[in-house]
Amino acid sequence: MNFDTVIIGGGLAGLLCGIRLNQAGQRCAIVSRGQSALNFSSGSLDLLSHLPTGEPVTDTRAGLASLATLAPQHPYSLIGAEHVYRYAHEAQTLLAACGLDFYGNADAPHYRITPLGTQRLAWLSPPEVPVSPNAGLRVGVVGISGFLDFQPQLAAQALRKRGIDATATDIELPLLDTLRDNPSEFRAVNIARVLDQEANFTALCDALAPLSEQHDVLYLPACIGLTDNQVYTRLNHTLACEVRLLPTLPPSVPGMRMQTRLSQQFIRSGGTWMPGDEVIRGRIDNGVVTHLWTRKHEDIPLRARNVVLASGSFFSNGLIAGRDGVREAVFGLDVIQCADRTDWYRDDVFDAQPWQQFGVRTDASLRGQQNGETLANLYAIGSVLGGFDAIAQGCGGGVCAVTALHAAQHICTQGGTS
Ligand SMILES: Cc1cc2nc3c(=O)[nH]c(=O)nc-3n(C[C@H](O)[C@H](O)[C@H](O)COP(=O)(O)OP(=O)(O)OC[C@H]3O[C@@H](n4cnc5c(N)ncnc54)[C@H](O)[C@@H]3O)c2cc1C
């Protein structure tokens, strides 16, 4: 099977790269083994929230300039601040074209409210997610009786600590009783499958109506809107006050919606989507990846002029930690890591952890290396890359988007190796 580009991994990074390559007229395939991190994410994307010093970034351009000095191995520093800034804006346009509405922009991060009622800097948030409320607002944080993945009392308490008039209430919703019978079924995604049904809208509205009379805004767990935001929009039109949605513990309804929209857009734009398969090995001749074998197509190799590795970090087994070190799972690419295991961790679990920055080493065009030799047609993107800390620096989604578009740009302009 011949393609212009084969992408290994269909998470945020692989899909954005694939959609961009399809737009450029490439014949592109994505092989993706399992669920991506999007299914477990908040649904908001981070671009750069903090510098490695811990200082919050309020101006992205200034933050990127500081990062270049503080973290020269960071993918943003390799790509260059101006390019990062441009790709971030391009990503916003691309996401909008996929039918994904977001609040926020690349110039400066905004504060979103977390499920714990605290604030966190973000680049882009779905419009349903609350951003910092005004001090005078009466906020009703609404849980669903028996649903353990969202604790309204905790969120309300944290909001009150910041001077916001917040109260916590549970609603009953007997229409969810069949799910309640089995606690492991009583999860956000299954609840959304019930609440998204037209027939159940009135019952949901009736449960919320009295609360909407007593508050200026209601925060509900994100248990609606698996495929679209119709129920959310209707609630906002029908109730006496505004409604906003807070992400819950995984699985994440907003994250799953993003995954679905992006994979649909990839297929719609002409890509070959190979879910449930995995690349098990590749052949490299003279610094060029020539063949890829997958678990389902062991006899027929995939061949492509360019290969993009978007296999994720430890979470998705793109990186594997063993006794002797960390290795990249498919090609054994060179990995940025600390040689001594005692340097992998810091004792305080809330400290920035060195292992978070482990990942594939690349050149400025994001080409991977094997034993110090740069591979001519293998690009690495997203969270398989090293040199950044998605949690401490708040840059996970941004690194995926920016590196996806940077690799696509290289492939389109100079990536042919024939
Ligand atoms: C639990 C979790 C929550 C997060 N939440 C946020 C958030 O809210 N906001 C934010 O900005 N960032 C968040 N991040 C950071 C996150 O890493 C990125 O935002 C992003 O979603 C990662 O995308 P990715 O495409 O690099 O990798 P992944 O999403 O991990 O996708 C990699 C894909 O490749 C597949 N794969 C792996 N190996 C192979 C193979 N050999 N063959 C075929 N397929 C393969 C995997 O099955 C997976 O589907 C979160 C990370 C984690 C782990």
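**Close-up views of the ligand site, helix 7 and strand 12**

**View 1. Polar contacts of the ligand.** A polar backbone atom of Ala37 stands 2.8 Å from an oxygen atom of the ligand. The structure shown is a predicted model. A ligand oxygen atom also has a backbone N or O atom of Gly34 at a distance of 2.9 Å. In the case of Ser316, the side chain takes part: one of its N or O atoms is 2.6 Å from an oxygen atom of the ligand. The ligand on its own would expose 990 Å², and 88% of that area is buried by the protein.

**View 2. The shell around the ligand.** The ligand is surrounded by 33 residues. Those that come nearest are Ala37, Ser42, Ser316, Ser383 and Gly397. By character, the shell consists of 17 polar, 12 nonpolar and four charged residues. Several elements of secondary structure supply at least two shell residues each, namely helix 1 (12-23), strand 2 (28-32) and helix 11 (396-414). Helix 11 provides the largest share, with three residues.

**View 3. Helix 7 and its surroundings.** Helix 7 spans residues 188-195 and is mostly covered, with seven of its eight residues buried. The buried positions begin with Ala188, Val189 and Asn190, and they continue with Ile191, Ala192, Val194 and Leu195. Which elements do the buried residues of helix 7 pack against? Their partners include one strand, strand 5 (138-144). The helices against which these residues pack are helix 6 (177-180), helix 8 (201-214), helix 9 (230-238) and helix 10 (253-268).

**View 4. Strand 12 and strand 1.** Strand 12, formed by residues 303-309, is mostly covered, and five of its seven residues are buried. Strand 1 (residues 2-8) pairs with strand 12 in the parallel sense, and six bridges connect the two. Within this pairing, Ile8 has Leu309 of strand 12 as its bridge partner. In a regular strand, side chains point alternately to one face of the sheet and to the other.

**View 5. Strand 12 and strand 18.** Strand 12 is also joined to strand 18 (residues 373-380). These two strands run parallel and are linked by three bridges. The bridge partner of Val307 in strand 18 is Leu378. Strand 12 thus appears in two pairings, with strand 1 and with strand 18.

Conventions:
Residues numbered from 1 in each chain as written. Predicted model: local features only at pLDDT ≥ 70, side-chain atom pairs only at ≥ 80, totals over all residues. Heavy atoms only, no water. Near = heavy atom within 4 Å. Polar contact = N/O pair within 3.5 Å; in protein donor to acceptor, adjacent residues only side chain to side chain. Areas by Shrake-Rupley, 256 points an atom, 1.4 Å probe, with all protein chains shown as cover. Helix = DSSP H or I, 4+ residues; strand = E, 2+ residues; numbered from the N terminus. Nonpolar A, V, L, I, M, F, W, Y, C, P; charged D, E, K, R; others polar. Buried < 20%, exposed > 50% of the residue type's maximum accessible area, 1.4 Å probe, protein only. Contact = heavy atoms within 4.5 Å. Pairing = 2+ DSSP bridges.
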